[in-house]
Amino acid sequence: DVAIPVETAAGEVAQVDFGYVGLVFDAVTQTRRKGWVFVMVLGRSRHQFAKVVFDQRAETWQQLHVEAFAFFGGVPRVIVPDNLKAAVIRAAFGPEEDPQLHRSYREIARFYGFKIDPAPPRDPEKKGKVEAGVKYVCNSFFATVEEGLDIEELNRRLRTWVLEVAGKRVHGTTHQRPLEAYEAEERNAMLGLPASAYVPVTWKKARVHTD
């Protein structure tokens, strides 16, 4: 089994995934809750969006995409997600099978104009750029930030870190600074943002009375 590096055109592909970051303080409930960092990495420049959340529900998944696109100022033409339930209801285990995508995810894809290309199940190498991105966020940012910060302050610091540290480092694979490569190549190559705001929709099956 050989892993072959894949080079993508500017603005063509972004990979998305969650990573567990431990317990995070919730100022609303005054408790520490399990936190996950959502990361979207642009395939060409390796510039990334990252945010900590308390759940991986379909509503949260959609909102994170909306915020990521606003952060980048554009939309990649293809999004490569993992097979979490907010994106993929039924995974494809071979080329002859078709995955069943979450209806809400299909709708946000149609609204923004991107295609969905789920990574094969249990094959993290197929989304290695975001796998590396999540590890980098966890090992670099979360390994140094002090404990006890509430989620709002944590996300403020994470956004600054993405721009001031992650964006300005020399990437080990591309040998470029992600933020500079993004400004030079990817910003203007992505799809434009829609004129109207996206309204999240959640579809659920309901059991009702006969009347």
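Modeller: Accessible areas are computed here by the Shrake-Rupley method with a 1.4 Å probe, and for residues only the protein chains shown count as cover. The model we are discussing is a predicted one.

Colleague: What share of the exposed area of the protein do carbon and sulfur atoms supply?
Modeller: The area that the protein exposes comes to about 11,900 Å². Of the 211 residues in the protein, buried ones make up 45%. Of that exposed area, the share supplied by carbon and sulfur atoms is 52%.

Colleague: In what order do the elements of the protein run from the N terminus on?
Modeller: The protein has 5 helices and 7 strands. Among its contacts with a separation of 6 or more, 65% are between residues 24 or more positions apart. Read from the N terminus on, the elements run β-β-β-α-β-β-β-α-β-α-α-α.

Colleague: Which element gives the largest share of the largest nonpolar core?
Modeller: That core has 53 residues, and those with the most contacts inside it are Phe 38, Met 40, Trp 61, Phe 72, Phe 114 and Leu 158. At least two of its residues come from each of several elements, including β1 (13-26), β2 (31-42), α1 (58-72) and α4 (151-166). The largest share, 8 residues, is the one from α1.

Colleague: Which residues does Phe 72 contact, leaving aside its neighbours within four places in sequence?
Modeller: Phe 72 is among the residues with the most contacts inside the largest core. With those neighbours left aside, the residues in contact with Phe 72 are Met 40, Leu 42, His 47, Gln 48, Phe 49, Tyr 182, Arg 187 and Met 190.

Colleague: Is β1 largely enclosed by the rest of the structure or largely open, and how many of its residues are buried?
Modeller: A residue counts as buried when its relative accessible area is under 20%. By that rule β1 is largely enclosed by the rest of the structure, because the buried residues among its 14 number 10.

Colleague: Over how many bridges do β1 and β2 pair?
Modeller: On one side of the comparison, β1 is joined to strand β4 (residues 78-80) by 3 bridges, these two strands running parallel, and Ala 14 stands opposite Ile 79 in β4. With β2, Asp 26 stands opposite Thr 31, and the hairpin of β1 and β2 has 4 residues between the strands, with Gln 30 taking a positive phi near 60 degrees. The pairing of β1 and β2 is antiparallel, and its bridges number 12.

Colleague: How many residues apart in sequence are the parts that the pair of Phe 18 and Phe 38 ties together?
Modeller: The count of aromatic pairs comes to 18. In the pair of Phe 18 and Phe 38 the centres are 5.6 Å apart and the planes stand at 65 degrees, which is edge-to-face. Because Phe 18 lies in strand β1 and Phe 38 in strand β2, the separation of the parts they tie together is 20 residues.

Colleague: Is the pair of Tyr 112 and Tyr 198 stacked, tilted or edge-to-face?
Modeller: Tyr 112 lies in helix α2 and Tyr 198 in the segment after α5, 86 residues apart, and both residues are buried. Planes count as stacked under 30 degrees apart and as edge-to-face over 60. The ring centres of Tyr 112 and Tyr 198 are 6.1 Å apart and their planes stand at 45 degrees, so the pair is tilted.

Colleague: Over the face of which residue does Arg 169 lie?
Modeller: Two arginines can be placed over rings here, and Arg 33 lies over the face of Phe 54, at 4.2 Å from the ring centre. For Arg 169 the distance to the ring centre is 4.1 Å, and the residue over whose face it lies is Tyr 136.

Key
Residues are numbered from 1 along each chain as its sequence is written. This is a predicted model: local features need pLDDT of at least 70, side-chain atom pairs count only at pLDDT 80 or more; totals for chains, interfaces and linings use all residues. Side-chain values use heavy atoms; hydrogens and water are left out. A nonpolar core is a set of buried Ala, Val, Leu, Ile, Met, Phe, Trp, Tyr and Cys residues joined through side-chain atoms within 4.5 Å. Buried means under 20% relative accessible area, exposed over 50%, partly exposed in between (1.4 Å probe, protein chains only). Contact means heavy atoms within 4.5 Å. Rings of Phe, Tyr and Trp (its six-membered ring) pair if their centres lie within 6.5 Å; planes under 30 degrees apart count as stacked, over 60 as edge-to-face and the rest as tilted. A charge sits over a ring if NZ of Lys or CZ of Arg is within 6 Å of the ring centre and within 35 degrees of the ring normal. Two strands pair if DSSP finds at least two bridges between them.
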